[in-house]
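This report looks at charged side chains, the ligand and a few single residues. Please keep the sequence and the structure in view while reading.

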Amino acid sequence: MTDKYWYKNAVIYELYVKGYQDSNSDGKGDFSGLITRLDYLKELGIDCIWLLPQYPTPARDDGYDIMDYFGINPEYGSIENFREFIHESHQRGIRVIADLVLNHTSDQHPWFQSALAGPSSPYFDYYVWSETPDRYSDVRVIFVDSEPSNWTYVRDIGMYYWHRFFHHQPDLNYDNPEVRARMIEVVGYWLDLGLDGFRVDAAAYLFEREGTACENLPETHLFFKELRSMMDSRYPGSILLAEVNQWPEDLAEYFGNGDEFHMAFNFPLMPRLFMAVKREDCRPVKEIMKMLPTIPESCQWAMFLRNHDELTLEMCTDEERDYMYWAYSQDRQMILNKGIRRRLAPLMENDTRKIELLHAILFTLPGSPVIYYGDEIGMGDNVYLGDRNGVRTPMQWNDNKNAGFSGSKPSQLYAPVIVDPEYNYSAVNVESQKNNPNSLLNRIKRFIRIRRSCGVFGLGTQEFLECGNPSLLAYTISYGGDTYLCAFNLSARSQCFHLDLSMYEGRVPLEVIGDTPFPVVTRSPYTLTPNPYGYFIFFLRKSQRRGDKPGGL
Ligand code: BGC
């Protein structure tokens, strides 16, 4: 495996510049602050930072509404600060990818401001216009709680413009070759500044065609292939990660023949991990994993539990969605659009066993795990903050004022820190967990160490094992002659599982977290008795020889 494929076994950490560390006490995080926290990230062991949008913005969609593709949000610092941040990250062996919002701009972008003058503007054709709101009537509205339509009327020119998200985010017109060229220029600009790639926002919606859902169109794939070939020739090693919230067969198309996206988020799997834990039943996970097509060798899934958005339930049947609402959103306030706006710890009722179990699954399933900032310490949320802001509160570093995030007045913070008793920053913070070997933070650090010490989880082939009890999620991951056995008890009770491991007869399981040898595998069923929500990750050693260990463990 050459460095070119670094993303295939990387641990990615998603963060907000605004939410990580404030260096000038104005209540918002900035690049200078973030730089001071890079040692924490290095120590955590991550390989790559995913930066949420860093561009100038009116911030009506938290930076996904861009006013200038070539600048830095002045609240975060300058281009120089950005360069320094990239340099400092690279010094520590950490790569950086950033959000790339291709589908739409802010309505405050000078292109759109000019386009509002009507067809005489040179930028009018940068956007998608219509005289009626009846075009593309087969297209769903994504932000159903706030937008009644994908069209918004501009009275002065008597026309409607097209937008897949908020009405203040007009969609760019990718049929216009100038738009395509401009956006490819944007990509080159940031890669020249040292970025290692992009998480491509809303990648499925670039083109519109009558009579279709305007998603996953062939023209969209062609554009990404063109972009990819430019990146491969001018910026080898840089990557594209697709945010495409689609069913497996449509999603897998974004890998092309290894000539489109390097990575794509595994949206179909994510809600099913939550279903499996609540139902104490591995079948939702197994069924969806079996539906995932094989992807080109150079590609990888990005595996995640939570992110900065609501826990989306778009890739669920109506029945599954109803179940998820019943299971995970007791308060109506927790529901947003087709999803649940909560962080991981509250979704798991702050039960560290369940939080750890989900991470153990995330870190061993085929793919590269993505951690959302704060989830590694079990941060809580505030569902009363509106939109998705409740999962975007300041990082909790210690029990000082403003959780050590900022020296500003508490009332000046961009969002209040979490103070509800169970998740209060005075207890839930990095400092309080740093030195406790059993803290969530240190458990997650251990998972990262295990992944880094061998290539098996990122590169291996997975096979599910059956034992007749759906509470057991079990699989092997094999690569280059090494095999790991992962067994998870999804149930709230201790269980006794009997697994047929006869194909591994003679192997000696080494439990990798405690470094504990287990009894040799024989032809008879292998008995495992995990605690409630307990799990085992075994390296199946070929012999009891000392030193027969996966590298570094
Ligand atoms: C981002 C959201 C954003 C939307 C519109 C998404 O998919 O993750 O946070 O609101 O794109 O840009």
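Around the ligand there are 13 residues, and those that come nearest are Asp61, Asp201, Glu243, His308 and Asp309. The model is predicted. The table gives three polar contacts between side chains and oxygen atoms of the ligand.

| Residue | Partner | Distance |
|---|---|---|
| Asp201 | oxygen atom of the ligand | 2.8 Å |
| Glu243 | oxygen atom of the ligand | 2.5 Å |
| Arg388 | oxygen atom of the ligand | 2.9 Å |

On its own, the ligand has 300 Å² of accessible area, and the protein covers 97% of this.

**Salt bridges**

The model has a count of 35 salt bridges. Arg199 takes part in a salt bridge with Asp99, with an N to O distance of 2.7 Å. Which parts of the chain does this pair tie together? Arg199 belongs to strand 7 (residues 197-201) and Asp99 to strand 3 (residues 95-101), so the bridge joins parts that are 100 residues apart in sequence. Are Arg199 and Asp99 buried or exposed? Both residues, Arg199 and Asp99, are buried.

Arg199 also forms a salt bridge with Glu243, where the closest N and O atoms are 3.4 Å apart. Glu243 sits in the loop between strand 8 (239-242) and helix 8 (248-252), whereas Arg199 is in strand 7, so this pair ties together parts that are 44 residues apart in sequence. Arg199 and Glu243 are both buried. Glu243 thus appears in two settings: its side chain has a polar atom 2.5 Å from an oxygen atom of the ligand, and it pairs with Arg199 in a salt bridge.

Another salt bridge links the side chains of Glu349 and Lys354, at 2.9 Å from N to O. Glu349 has a relative accessible area of 48% and is therefore partly exposed. Lys354 has a relative accessible area of 9%, so it counts as buried.

Some charged residues are joined in a network. Lys18, Asp61, Asp62, Asp309, Asp387, Arg388 and Arg392 are linked by salt bridges in this way. Two members of the network, Asp61 and Asp309, are also among the residues that come nearest to the ligand. Arg388, a further member, has a side-chain N or O atom 2.9 Å from an oxygen atom of the ligand.

**A buried charge without a salt bridge**

Glu310 lies in the loop between strand 10 (300-304) and strand 11 (311-312). What is the nearest side chain of opposite charge to Glu310, and how far away is it? That side chain belongs to Arg388 and is 4.2 Å away; Glu310 is buried but has no salt bridge. A salt bridge requires the nitrogen and the carboxyl oxygen to be within 4 Å, so a pair at 4.2 Å does not count. Setting aside residues up to four places away in sequence, Glu310 touches Leu336, Asn337, Gly339, Ile340, Arg341 and Arg388.

**Two buried residues and their contacts**

Asn150 is placed in the loop between strand 4 (129-130) and strand 5 (151-154). Its relative accessible area is 5%, so Asn150 is buried. The side chain of Asn150 reaches the backbone oxygen of Arg140 at 3.1 Å. Beyond residues up to four places away in sequence, Asn150 touches Val139, Arg140, Val141, Tyr161, Trp162, His163 and Arg164.

Val179 is part of helix 6 (residues 177-192). With a relative accessible area of 1%, Val179 is buried. Leaving out neighbours within four places in sequence, the contacts of Val179 are Tyr126, Leu172, Asn173 and Tyr174. The C-alpha atoms of Val179 and Asp125 are 8.9 Å apart in space, while the two residues are 54 apart in sequence.

**Positive phi angles**

Most residues other than glycine have a negative phi. Asn350 has a positive phi, near 60°. Asn350 is in the loop between helix 12 (344-347) and helix 13 (352-364), and at 27% relative accessibility it counts as partly exposed.

Ala403 also has a positive phi, near 60°. Ala403 is in the loop between strand 14 (368-372) and helix 14 (430-434). Is Ala403 buried or exposed? Ala403 counts as buried because its relative accessibility is 0%.

Terms used
Residues numbered from 1 in each chain as written. Predicted model: local features only at pLDDT ≥ 70, side-chain atom pairs only at ≥ 80, totals over all residues. Heavy atoms only, no water. Helix = DSSP H or I, 4+ residues; strand = E, 2+ residues; numbered from the N terminus. Buried < 20%, exposed > 50% of the residue type's maximum accessible area, 1.4 Å probe, protein only. Lys, Arg positive; Asp, Glu negative; His and termini not counted. Contact = heavy atoms within 4.5 Å. Near = heavy atom within 4 Å. Polar contact = N/O pair within 3.5 Å; in protein donor to acceptor, adjacent residues only side chain to side chain. Areas by Shrake-Rupley, 256 points an atom, 1.4 Å probe, with all protein chains shown as cover.
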